[in-house]
Amino acid sequence: KRGRKGADGGETLLSVDELRVQERHWMEMWKDAKNELRQLRQDLKGEDDEEVRAELMADIEGLKKRKADWGKLLGLNETIADIPVSF
């Protein structure tokens, strides 16, 4: 069981069903962030206005961080870091 902070600041254990629901939510948020990033990057490619491009880049950076946070909660980042890269 994974813990979460309770109202009193202590750890509260999640039941298997609660954990499953929580992980499903995290996965949905991760997927939404992935799709939104794809759309923002597509919008950026067709944008000529520098001010709008700067806003899109800021949005992309913020969304990348949020996506990484969701991935971390799901344990996705750890598996990627463990894969050896060779060229």
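These legends accompany close-up views of a predicted model.

**View 1. The whole chain, from strands to helices.** Let's begin with the overall layout of this predicted model. The chain contains two strands and three helices, and reading from the N terminus the order is β-β-α-α-α. Of its 87 residues, 17% are buried. Two salt bridges are found in the structure, and each has a view of its own below.

**View 2. Helix H1 from end to end.** Helix H1 covers residues 16–45, which is 30 residues in total. From the first C-alpha to the last, H1 reaches 43 Å, close to the 44 Å expected at 1.5 Å a residue. Which residues of H1 are buried? They are Leu19, Trp26, Trp30, Ala33, Leu37, Leu40 and Leu44. Other residues of this helix come back in the views that follow, including Asp17 and Arg20, Glu23 and Asp32.

**View 3. A salt bridge within H1.** Here the side chains of Asp17 and Arg20 meet, with 3.3 Å from N to O. Both residues belong to helix H1 and sit three residues apart, about one turn of the helix. Are the two partners buried or exposed? Asp17 counts as exposed because its relative accessibility is 53%, and the cut-off for exposed is over 50%. Arg20, at 44%, is partly exposed.

**View 4. A salt bridge within H2.** Moving on to helix H2, which runs over residues 50–74, we find Lys64 and Glu61 joined through their side chains in a salt bridge of 3.3 Å, N to O. How far apart are Lys64 and Glu61 in helix H2? They are three residues apart, so about one helical turn separates them. Lys64 has a relative accessible area of 35% and is partly exposed; Glu61 is likewise partly exposed, with a relative accessible area of 35%.

**View 5. A patch of negative charge on the surface.** Nine acidic side chains are worth finding here: Glu28, Asp32, Glu36, Asp48, Asp49, Glu50, Glu51, Glu55 and Asp59 gather in a negative patch on the surface. Two elements, H1 and H2, each give two or more residues to this patch. Which element supplies the largest share? It is H2, with four residues. One residue of the patch to pick out is Glu51, which has its place in helix H2. Glu51 is exposed because its relative accessible area is 60%, where exposed means over 50%. Another member of the patch, Asp32, lies in helix H1 and is partly exposed, with a relative accessible area of 43%.

**View 6. Glu23 and Leu74.** This view pairs two residues that are 51 residues apart along the chain. The C-alpha atoms of Glu23 and Leu74 are separated by 6.7 Å. Glu23 has its place in helix H1, and at 29% relative accessibility it counts as partly exposed. Leu74 is the last residue in the range of helix H2, 50–74.

**View 7. Asp32 and Lys67.** Our final close-up returns to Asp32 of helix H1, now shown with Lys67. What is the C-alpha to C-alpha distance between Asp32 and Lys67? It is 8.7 Å in space, for two residues that are 35 residues apart in sequence. Asp32 is the residue from View 5, one of those that gather in the negative patch.

Note on methods. Residues are numbered from 1 along each chain as its sequence is written. This is a predicted model: local features need pLDDT of at least 70, side-chain atom pairs count only at pLDDT 80 or more; totals for chains, interfaces and linings use all residues. Side-chain values use heavy atoms; hydrogens and water are left out. The expected span of a helix is 1.5 Å times one less than its number of residues. Buried means under 20% relative accessible area, exposed over 50%, partly exposed in between (1.4 Å probe, protein chains only). Patches are made of residues with over 30% relative accessible area and no salt bridge: like charges are joined within 9 Å, nonpolar side chains (Val, Leu, Ile, Met, Phe, Trp, Tyr) within 5 Å. Accessible areas come from the Shrake-Rupley method with a 1.4 Å probe; for residues, only the protein chains shown count as cover. A salt bridge is a side-chain nitrogen of Lys or Arg within 4 Å of a carboxyl oxygen of Asp or Glu. Lys and Arg count as positive and Asp and Glu as negative; His and the chain ends are not counted. The place of a charge is taken as NZ of Lys, CZ of Arg, CG of Asp or CD of Glu.
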